[in-house]
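Here are a few short exercises to work through with the model open in your viewer. Try each task before you read its solution.

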Amino acid sequence: MERASEGRVCDVLVVGSGAGGLATAITAKKHGLSVIVIEKEAVFGGTTAFSGGVLWIPGNRHGKTNNPADTREAARRYVAAETGNWFQPQAVDAFLDAGPRMLDWFETETVVKFVPTLYPDYHPTMDGGVDVGRSVLAAPFDTSALGPDLKRLRPPLSTITFMGMMFNSSNADIKHFFNATKSLTSFAYVLKRLVAHAGEVVRHGRGVQVTSGNALAARLAKSCLDLGIPILTETPAMHLVKVDGRVIGVDVGGRSPGRITARLGVVLACGGYAHDLARRAEAYAHVKAGSGHFSPVPQAITGDGIRLGEEAGAVFNAEYPQPAAWMPVSRVPGKGVFPHLLDRYKPGMIAVLSNGRRFTNESESYHDVGAAMVASGEASAWLICDHSTIRKYGLGHAKPAPMPLRLWLRTGYLKKGRTLGELARVCGIDPKGLDDTVSTYNRGAREGRDEAFRRGETAFNRYLADPDHKPNPAVAPVEQGPFYAVRMEMGDLGTFDGLKTTVPGEVLDRHGAVIPGLFAVGNDRASIMGGNYPGAGITLGPAMTFGWITGRHLAGIAQEAGRKTANREKAS
């Protein structure tokens, strides 16, 4: 295990080990700079390792295969429409120009690889939106390639694995597991996966065939380690060191306290402030109103980068109407927080408030559903389905057949009623409101229509639904008792508010001037999406793109300094 020692010197010091920070580190190192990465936890990977591993990169070469007609101009119109008054033309132009080049560069220069997805934009009917082609996914990875550093890779979020195994959200693996009791082919596939996974656990202590964000974090870390970039875990940044107004390093704590000097710059990449309780109490309207908030991101994401920046005179930008990427979650006894990434989209699922009324299209994005929960004034909702639906798709952390439901019923995580009225009483929902809602919904749902919210009418609504369910893959009635419910509450996938920066990532002070030697990437930098969530991967796409831009900018600073030194020596 690598730890910091007194008096280490480098060109670039990256504080944090998520996608933005590691992308910066790799880029700077590849351009000839010496780089050190520090991480306060015993594991690296940040929130990236918990994520879906999707990047939104309009114009990427993978997407062009599926949608050759897409254009940069359409993507710019889409971002402008999505961000409204918070549109940042210079930053957005830089992102659209650099994103495809960044992707190609990483795939050429490192072990970071991507595969295309069929994800639509989250609002494909908006001006410039598309049905496919802008989101890519980290390719699966065998993490045994990390060798002894495998133990330092953050494991995936346990509530979204099955016996420790990982699946992409749209992967055919999931369909095989759903069909294991109905199809011999699926049963054989599942058995093969289980046997292989058991062998991995015996050999390595964990599954090593990973997907999603765990694959991205592992690929980025492997690229760093291959380049000789030390990732110093258990090395928290305590304070920035400034001399004559310039940030020149960091005092670190942990097992080997000391000072690390950075000749060119310190890059803040600590992942935002999802677990900074005081800051989110100020920023989150539902928390101000007294509702709970249960973020599934790592507990160590406590706003360290933003705090360090503010100590150096930086400005925390807290102006977005939605300060975070909302995620409806449920609290699983003894397990943690479960993000409702897939179940809401399935036919036969509806979400209601305590009055028993639906309040949104359940098949919109997690961010949109979360925003609707906040707007409802309750910041919570009940996700409800009937017996045939839960046995086919599961509900929250409760898995579909043949997995039993008894455990989750005993713990109270899963609520059950023989009738809708009984379910309503168990959950504290207004019985008449629920009965009226389901009756009205079912009238259209039997014909595949959602008359209240037009669910299933966009490509995104249908994407994570059930393509085998006709006529509408996202809509089915709720009518075969017994009935089940899980309580969804507010969580997030990360924060949008962050430090104000220039396009290359230079951190700005309260007067709009650059703080020399200080940079920010990832969620420590204010999002270019203006508090909205236009598509799958709008956090990781900009994080890696601006990390690449910042790394190249730092290399440019070094080159310019070298030219000036050479000119001085020549003149003398």
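A residue counts as buried when its relative accessible area is under 20%, and as exposed when that area is over 50%. Keep in mind that you're looking at a predicted model.

**Exercise 1. Cysteines**

Task: Work out how many disulfides the structure holds, and decide whether Cys385 is buried or exposed.

Solution:
- A disulfide needs two cysteine sulfur atoms within 2.5 Å. The structure holds zero of these.
- Take Cys270: its nearest cysteine sulfur belongs to Cys10 and sits 15 Å away, and Cys270 is in no disulfide.
- For Cys385, the nearest cysteine sulfur is that of Cys427, at 11 Å, and again there's no disulfide.
- Now apply the burial cut-off. Cys385 has a relative accessible area of 0%, so it is buried.
- Cys270 comes out at 14%, so this residue is buried too.

**Exercise 2. A small sheet and its helix**

Task: Find the order of the strands in the open sheet that holds β3, and say which strands stand at its edges.

Solution:
- The sheet has three strands, ordered β3-β5-β4, with antiparallel pairing.
- β3 (54–56) and β4 (114–116) each have a single partner strand, so they are the edges, and one side of each lacks a neighbour in the sheet.
- Going from one strand to the next, the twist averages 35 degrees.
- Zoom in on β3 and β5 (residues 135–138): three bridges join this antiparallel pair. Leu55 stands opposite Val136 of β5.
- Now add helix α4 (residues 89–109), which lies across β3, β4 and β5 and runs at about 140 degrees to β3.

**Exercise 3. One residue on the helix**

Task: Is Gln90 buried or exposed?

Solution:
- Start with its place: Gln90 is in helix α4.
- Its relative accessible area is 65%, so Gln90 is exposed.
- For a look across the sequence, pick Ile528: its C-alpha atom is 10.0 Å from that of Gln90, although 438 residues separate the two along the chain.

**Exercise 4. The whole chain**

Task: Check how the radius of gyration of the chain agrees with that of a compact globule.

Solution:
- For 572 residues, a compact globule would have a radius of gyration near 25 Å; the chain has 24 Å, so the two agree.
- Along the principal axes, the C-alpha atoms fill a box of roughly 90 × 55 × 45 Å.
- Burial next: 58% of the 572 residues count as buried.
- Finally, of the contacts between residues at least 6 apart in sequence, 75% join residues at least 24 apart.

Technical notes:
Residues numbered from 1 in each chain as written. Predicted model: local features only at pLDDT ≥ 70, side-chain atom pairs only at ≥ 80, totals over all residues. Heavy atoms only, no water. Pairing = 2+ DSSP bridges. Helix = DSSP H or I, 4+ residues; strand = E, 2+ residues; numbered from the N terminus. Axes fitted to C-alpha atoms, helices over the stretch in contact; angles between N-to-C directions. Contact = heavy atoms within 4.5 Å. Rg over C-alpha atoms; globule rule 2.2 N^0.38 Å. Buried < 20%, exposed > 50% of the residue type's maximum accessible area, 1.4 Å probe, protein only.
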